[in-house]
Amino acid sequence: CEKMSEQFRVKKLIDYITNIIEELNSDYLEINADWLGIEANNYSIDKIPTDSNVESWIIPCSRKRDVYTLRSRENYSSDLINNLQNIGFFEKLEKKINSNNSKGIKPDIKGIESIECLTAGAFNSADPSGKTAEFSIQIQIIYIEEA
């Protein structure tokens, strides 16, 4: 078991998700932490406050989890095809994460056991101009940490 700072896990998760987004969206601008830009093709990974303990052991290690929301800002309109593509992006993201898992490709986080999408991609809200909208999906990582 090895103790890891949360900042390190978040940064490694951002690196992992960046690789996937670069493959799925060639127009992407950037991924931030806890901040979503106002332009389309921006992303943010935000930690959700949850109980991090999954399982404690007699030995000085425990199984923990972090839950994050991956938010995106995308072009938005009444055009059905555009909006299907927005939600379709998250379906592709989830399939890629599942495919990576089956190949043993996970974020470069010491002690990581798994990464999974907890929710499907969903529309959150449109900006007042109606030209962009925010979408999100929840992602969980399970890892072993020294107590």
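Leaving aside neighbours within four places in sequence, which residues is Ile17 in contact with? In this predicted model, the contacts of Ile17 are Ile31, Ile45, Leu70, Ile97 and Ile139.

**The nonpolar core**

Ile17 belongs to the largest nonpolar core, a set of 27 residues in which Ile17, Leu70 and Ile97 touch the most other members. Six elements each supply at least two residues of this core: helix H1 (6–24), strand E2 (42–48), strand E4 (61–75), helix H2, strand E5 (112–117) and strand E7. The largest share comes from H1, with seven residues. In soluble globular proteins, nonpolar side chains tend to be buried together.

Ile20 is also found in helix H1. Because its relative accessibility is 2%, and buried means under 20%, Ile20 counts as buried. Outside its neighbours within four places in sequence, Ile20 is in contact with Leu93, Lys96, Ile97 and Asn100. Ile20 and Ile97 are 77 residues apart along the chain, yet their C-alpha atoms are separated by 8.2 Å. Ile97 is thus listed among the contacts of Ile20 and among those of Ile17.

**Helix H2**

Helix H2 covers residues 80–102. At 1.5 Å a residue, its 23 residues should span 33 Å, and the end C-alpha atoms are 33 Å apart, so the two values agree. The buried residues of H2 are Asn82, Asn83, Asn86, Gly88, Phe89, Phe90, Leu93, Ile97 and Asn100. An α-helix has 3.6 residues a turn, so residues three or four places apart point the same way. After H2 comes Gly104, with a positive phi near 80°.

**The largest pocket**

The largest pocket holds about 250 Å³ of space. H2 gives the most to its lining, with five residues, and both E4 and H2 supply at least two. The lining consists of Leu24, Asn25, Asp27, Asn41, Tyr43, Glu74, Asn75, Asn82, Gln85, Asn86, Phe89 and Lys92. Of these lining residues, Asn82, Asn86 and Phe89 are also listed among the buried residues of H2.

**Positive phi in the loop between E1 and E2**

Most residues other than glycine have a negative phi. Two residues that are not glycine, Asp34 and Asn41, have positive values. Asp34 is found in the loop between strand E1 (30–33) and E2, and Asn41 lies in the loop between E1 and E2 as well. Are they buried or exposed? Asp34 counts as exposed because its relative accessibility is 56%, where exposed means over 50%. Asn41 counts as buried because its relative accessibility is 15%. Asn41 is also one of the residues lining the largest pocket.

| Residue | Phi | Relative accessibility | Class |
|---|---|---|---|
| Asp34 | near 60° | 56% | exposed |
| Asn41 | about 70° | 15% | buried |

**The E6–E7 hairpin**

Strand E6 (residues 122–126) and strand E7 (residues 132–146) run antiparallel and are joined by four bridges. Phe123 stands opposite Phe135 in E7. Five residues separate the two strands of this hairpin, and in the turn Gly130 has a positive phi of about 75°. In a regular strand the side chains alternate between the two faces of the sheet. E7 also links this hairpin to the core described above, since E7 is among the elements that supply at least two of its residues. Ile139, one of the contacts of Ile17, falls within the residue range of E7.

Conventions: Residues numbered from 1 in each chain as written. Heavy atoms only, no water. Pairing = 2+ DSSP bridges. Expected span 1.5 Å × (residues − 1). Buried < 20%, exposed > 50% of the residue type's maximum accessible area, 1.4 Å probe, protein only. Core = buried A, V, L, I, M, F, W, Y, C linked by side-chain atoms within 4.5 Å. Contact = heavy atoms within 4.5 Å. 1 Å grid on protein atoms, 1.4 Å probe; cavity = no way out; pocket = protein on both sides within 12 Å on 5 of 7 lines; lining within 4 Å. Points joined across faces, edges and corners; volume = space filled by probe spheres on them.
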